[in-house]
Amino acid sequence: MAESETRETQLKTLESLLQANEILAPDSPEYRPYSQTWAAQKQLTPRLVVRPTSVGTLSKVIAYLYSTTLDFAIYGHGFGSTSANDVLVNTSALDDFHFDPHSELVTIGAGQTWVDVYQRMEEEAPGYGVVGARTPSVGVAGTIVTGGISWLSSEHGCISDPDNMLDAKVVKYDGSVVWASAEPELLWALRGGGGGFCVVVSVILRVFPYPQDIWAGPILVPRGQLETVADGLAGFLAREPNPKITMFLYVMKKKLLASLGNIDSDMLVIHAYDANGEAHGRESFRWALSIPGAIDQTRVTTFAGVIQLQDKVQTAKGTMKQVFVPLVLQDLPKETIISAIKWFEGLEGIDESVADCTYLIFEVLCCRDPAGSNTSVAWPRPPGAKHILLLGPGCPADAGPDKERLVRELAIELPSKVLGKDAQTNYLPNGYEEYLDPKLFWGAHVDKLQALRKKYDPRDKFKGAIKPAS
C-alpha cells in the first residue's frame, strides 16, 4: 500500500503517472511562478509541483496522492497562498472555454485566470458579460469557493450564487469525476464554503448582454483631502445606488500603489466604475472629479479593459508577509471611513516597513443578498451587506518573526479598532485564518460544512478552511 512506502518512493510513483512536461522540480525555471504564494509566510517550498494537462491525469494524481502520506495541496494561481511540504497540484492547465449562444451559458476550465476568461469572452461572446472577479490574475476556482465578488455583484450577486454558477465538474478524493449538481450538497458547499471538498476542474456560468462602453478608472486625490473624500463618499452612498455603479477607494503607500498602474506618489485613489457610460459616470462621480488637485485617469473601455487596469497586481505576489482582513459591512458611514484611514496613517509611528506593506481598500456597493435565501449558498453573508472594508497588514518578505507577529496582532485587533469593540464582525471567506472563529465567516452553516468536509475529505488532506467534523 502507498502508506507503507517511503516518501521518496511515493514521489517516484507519482511522477510515473505524469508526462515529463507536467512535472516541475525545484530547479525548473517554471517552478517558482507555478508555486508562488501571495503571502510570503505561507510558502512551504514543495518538493515537487505537478501540472496535469488533462482531467484524466488529474484524476489519477488525486486518487494516488490521497492514498499516500504525502502532504499535498491544490493550487490555482497562488492568491489564496496555498502551499504544501511535498506536492503542489497546479491546475492552471485546465483552460477549456466553450460559449453556447443558445443557452447563454459558458463552460470554462477552472484553472484559468479571470483575465483569460474576459479575453475569451470578448473574442467568442462579444456583447456579453459574466459575473467574474475584479482582479485579473486571480484564478477561477479559488474565487468561486470563497464566494467571489465582482464588479457586477451589486446587480447580479456573487460569482458562486446559483443564478451565476450553475454547475461544476470536480474530481473527488477517490479520483472519480462528477458534476457537482449530481450531489446537491457538494454543489452547495462549493458556493463559498472555503474549499477542501474536491478539486474543481470546470464550471458552467451564466452570461448575459452587458454594456461594452464602461466608464472606469482611477481618480487620484491628494491625501490632504481626506475629509473632503469622506464627505463626498458619504454623500455618494446616501443617494439611491444605481446597480451598475461601484467603486474602490485605495489607501496605501507608494510601494503598493505602483501595483495598481501609473501611480508614482502617495495619493488616495478612487477607482470609479459606471456601466451606464461616460456621461452618467462623470455626473455620478462629480464629487470626486471636482476635489481640488484631483487627477482624472478614467476612460471608456470594455469589461476586459476594466480588469486590465489592475494587471500589475501580480507583481506584488510573494514580496510581503501579509494577512487579509476582509470585513463585510451593511453600512459605511463617514466615521468608519475616517477611523480606518487614521488607523492606516498611525502605522507609520508603529513601524515604517509595516506601513509600506499595508493596504486599506474600501470596496463600495460591491455586494448584495443572494437571490432567494442565504441558505442557498454556503457563505451566508449578512443580510443587507453592501460594502467590503479590506485591510491587509503586512511586512517585507524577509522580515523576522517579531514583525510577522506584529502583523498578526494588527490583523486580530483591526475590527474593533476600526469598527468599535462592540460592532458585529463578518468576514469574506478568503480572509480565513486558523486563529479566527469560522462562525465569523460561515455563521450557522459551520456545522453543515464540517459534516460535508468529513464526507468529501475524510482524511483532511485537501486543506480546506473549515475542518472536518470529528
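Buried here means under 20% relative accessible area, and in this predicted model both Tyr-432 and Phe-441 are buried by that criterion.

**View 1. Aromatic pairs around Phe-441.** A search of the whole structure finds 20 aromatic pairs. One of them joins Tyr-427 and Phe-441 in a stacked arrangement, with 4.7 Å centre to centre and 20° between the planes. This pair links distant parts of the chain, since Tyr-427 lies in the loop between helix H14 (401-419) and helix H15 (439-442) whereas Phe-441 belongs to helix H15, 14 residues apart. Phe-441 also pairs with Tyr-432, here edge-to-face, at 5.3 Å centre to centre and with 75° between the planes. Tyr-427, like Phe-441, is buried.

**View 2. An aromatic cluster.** Trp-114, Tyr-118, Phe-208, Tyr-210 and Phe-303 together make up one aromatic cluster.

**View 3. A charge over a ring.** The charged end of Lys-448 is placed over the ring of Trp-188, at 4.0 Å from the centre of that ring.

**View 4. The largest nonpolar core and the surroundings of Tyr-273.** The largest nonpolar core contains 132 residues, and Tyr-273 and Phe-362 are those with the most contacts inside it. Once neighbours within four places in sequence are set aside, the residues in contact with Tyr-273 include the aromatic residues Trp-151, Tyr-210, Trp-215, Phe-285 and Phe-303, and also Lys-244 and Thr-246. Tyr-210 and Phe-303, among these contacts of Tyr-273, are also members of the aromatic cluster in View 2.

**View 5. A second core.** Separate from the largest core is a second one of 20 residues, among them Leu-11, Leu-18, Leu-58 and Val-201. In soluble globular proteins, nonpolar side chains tend to be buried together.

Conventions
Residues are numbered from 1 along each chain as its sequence is written. This is a predicted model: local features need pLDDT of at least 70, side-chain atom pairs count only at pLDDT 80 or more; totals for chains, interfaces and linings use all residues. Side-chain values use heavy atoms; hydrogens and water are left out. Rings of Phe, Tyr and Trp (its six-membered ring) pair if their centres lie within 6.5 Å; planes under 30 degrees apart count as stacked, over 60 as edge-to-face and the rest as tilted. Helices (H or I, at least four residues) and strands (E, at least two) are DSSP runs, numbered from the N terminus. Buried means under 20% relative accessible area, exposed over 50%, partly exposed in between (1.4 Å probe, protein chains only). A charge sits over a ring if NZ of Lys or CZ of Arg is within 6 Å of the ring centre and within 35 degrees of the ring normal. A nonpolar core is a set of buried Ala, Val, Leu, Ile, Met, Phe, Trp, Tyr and Cys residues joined through side-chain atoms within 4.5 Å. Contact means heavy atoms within 4.5 Å.
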